[in-house]
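Me: Could you take me through one part of this model up close, the place where the two domains meet? I'd like the contacts spelled out, with the cut-offs.

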Amino acid sequence: MGVLVDVLSWKGIFVVLITYLAGTIFYRLTLHPLAGFPGPKLAAITRWYEGYYDIVLNGQYTFKIKELHDKYGPVIRISPYELHVNDPAFLNTLYNHDIMKKYAWTYDAHTAKGSTAFTVDHDLHKARRQPLNGFFSKAKVASRQDMIQMYADKLCRRISQYVGTTFDLGAASLAFTQDVANDFIISKSYGSLDREDLDVSMLVFLQGAGREQYQDTKYLVDLATSNDKIKHRRTIIDEILESKLSPSDKTVERIYEDVSTISNAAFETTASVIRPVLFHVFSNPTILQRLRAELESVITTDLKTLEQLPYLTSVLKEGFRLGGGLSTRLQRVSEKDLFYGKWRIPAGHPVGMTPLLMHTDNEVHHNAKSFLPERWIDAETRKRSERGFAPFSKGSRICLGMHLAWAELYIVVATLVQRFDFSFPNATAEDFVEPTARDAGPKTQASGMAWRALIAGGERVTAAG
Ligand code: HEM
């Protein structure tokens with residue numbers, strides 16, 4: 001009884017707490033399966049280390065991880081539970097088609113846990129993704145190139161209204177990707193390019209069209225399951241409903257989780273590549289001249305023809321490398337031990353890599369932070385850069401919408417370059433290199449408004465249709 005009273009006293013609680021903390025610290029530093037990996041002791045002890053950089057300093061952990069790699073080497077422990085690797089040689093080991101799970105902790109804060117993108121389990125993910133693969137194939141995307149061109153033309157009409165003055169090309173890029181993606185996914189756009197403010201705030205979009213998108217999903221589910229076969233363009237909803245997925249995966253709520261996450265995955269990612277491409281092309285006369293000469297040699301925006309153009313393709317690759325939709329680490333949890341050099345990474349522990357860090361690493365890409373399309377043309381530098389190029393990740397979780405993203409880039413860049421002259425008096429290359437919260441504030445890239453774009457300097461006589 002005396003002991004119990006003692007334990008329940010403040011002193012007792014304090015002693016228990018200290019003993020628990022000391023035990024946890026001791027375990028994490030010495031006995032934990034990741035204890036032998038290099039990295040700061042504080043990161044190995046507590047997740048508050050990461051919290052400081054991401055919460056207090058607003059999304060800076062990605063860049064701190066880069067500093068930690070410089071200090072501790074290519075494999076480091078970045079939290080009590082997680083490792084990070086910065087070496088392209090490990091890409092194919094980590095992102096493959098073996099049984100790999102995503103790291104559930106990453107999706108704790110997300111509501112759409114039933115969506116394909118946020119499905120943690122390997123087999124369930126495979127089943128959910130299967131009906132979507134064909135819908136997002138290269139051939140399927142190519143069959144919708146007229147739709148993409150239609151929105152590129154609409155974008156041109158908006159820009160034309162501002163000739164000789166300034167125009168928010170950053171927001172317009174996002175409006176374009178929103179309209180294209182929604183049309184592709186559910187055969188309906190919400191008219192972002194038609195709005196006076198170009199639907200400038202993603203938040204307004206999410207609150208506004210989010211509700212509408214749910215109603216549209218419900219309508220399309222009803223349409224597909226009703227006896228009245230009203231003719232409509234196939235959407236991902238038809239693919240899901242006609243698949244072998246279980247009835248619980250075919251509810252309006254679960255399908256809407258896919259509709260909303262897939263469309264949201266399509267917007268800012270693609271826009272954040274269009275912006276740096278336009279900035280670099282129009283800020284560098286040599287690149288602009290060479291690109292225009294190549295485009296003038298074909299005088300078309302036909303997708304198949306554009307895909308054959310080596311210089312345009314190289315310009316876009318630089319955009320994917322430096323723009324980069326996702327700037328956080330992408331973790332995988334393997335069922336089997338993984339091996340990296342002398343290191344054995346025990347099964348069941350999350351390991352991540354960050355495309356942005358690899359894409360901007362001078363060890364991987366010559367003069368990594370410079371926009372140099374030539375690197376993809378010269379055989380030697382191309383070989384080196386290909387090794388460390390994975391904007392869409394790899395393996396079973398590779399980006400579902402990558403062919404759509406490529407097609408949008410080909411068509412919109414070729415169209416704008418053939419029709420307009422832009423200049424960007426207020427932007428610098430730095431604005432586009434590290435597109436996360438490094439410059440938190442009004443210039444934040446992630447908000448889609450990195451630069452109020454700037455001058456559309458007169459429409460050129462266009463050869464493009
Ligand atoms: C520049 C454009 C884009 C980039 C750089 C990009 C990048 C990525 C990356 C790196 C992943 C892997 C994420 C992870 O491992 O957690 C991913 C997944 C995904 N992306 Fe994209 N993406 C782009 C455009 C798109 C578009 C246009 C769509 C849809 C139309 C899309 C839909 C998705 C989906 C649904 C996933 C989850 C795939 C799965 O888990 O099976 N993305 N994307």
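Reply: Let's start with one pair: R329 and E50 form a salt bridge, and their closest N and O atoms are 2.8 Å apart. A salt bridge here is a side-chain nitrogen of Lys or Arg within 4 Å of a carboxyl oxygen of Asp or Glu. Bear in mind that this is a predicted model, where local features need pLDDT of at least 70 and side-chain atom pairs count only at pLDDT 80 or more, while totals for chains, interfaces and linings use all residues. Residues are numbered from 1 along each chain as its sequence is written, and side-chain values use heavy atoms, with hydrogens and water left out.

Now the two sides. Domain 1 covers 1-59 and domain 2 covers 82-208 + 267-455, with bounds that come from an automatic or database domain assignment. Across their interface, the rule finds one salt bridge. Polar contacts (a pair of N or O atoms within 3.5 Å; within protein, one must be able to donate a hydrogen and the other to accept it, and residues adjacent in sequence count only if both atoms are side-chain atoms) link two residue pairs between the domains, both at pLDDT 80 or more. On the domain 1 side, the residues touching domain 2 split into four nonpolar, four polar and two charged. In that scheme Ala, Val, Leu, Ile, Met, Phe, Trp, Tyr, Cys and Pro are nonpolar, Asp, Glu, Lys and Arg are charged, and the others, Gly among them, are polar.

How many residues are in contact across the two domains? There are 10 in domain 1 and 13 in domain 2, with contact meaning heavy atoms within 4.5 Å. Together the domains bury about 940 Å², 64% of it on carbon and sulfur atoms. Buried area is the accessible area (1.4 Å probe) that two parts lose on being put together, summed over both. In domain 1, L34, F37 and R47 lose the most area to domain 2, together making up 55% of what that side buries.
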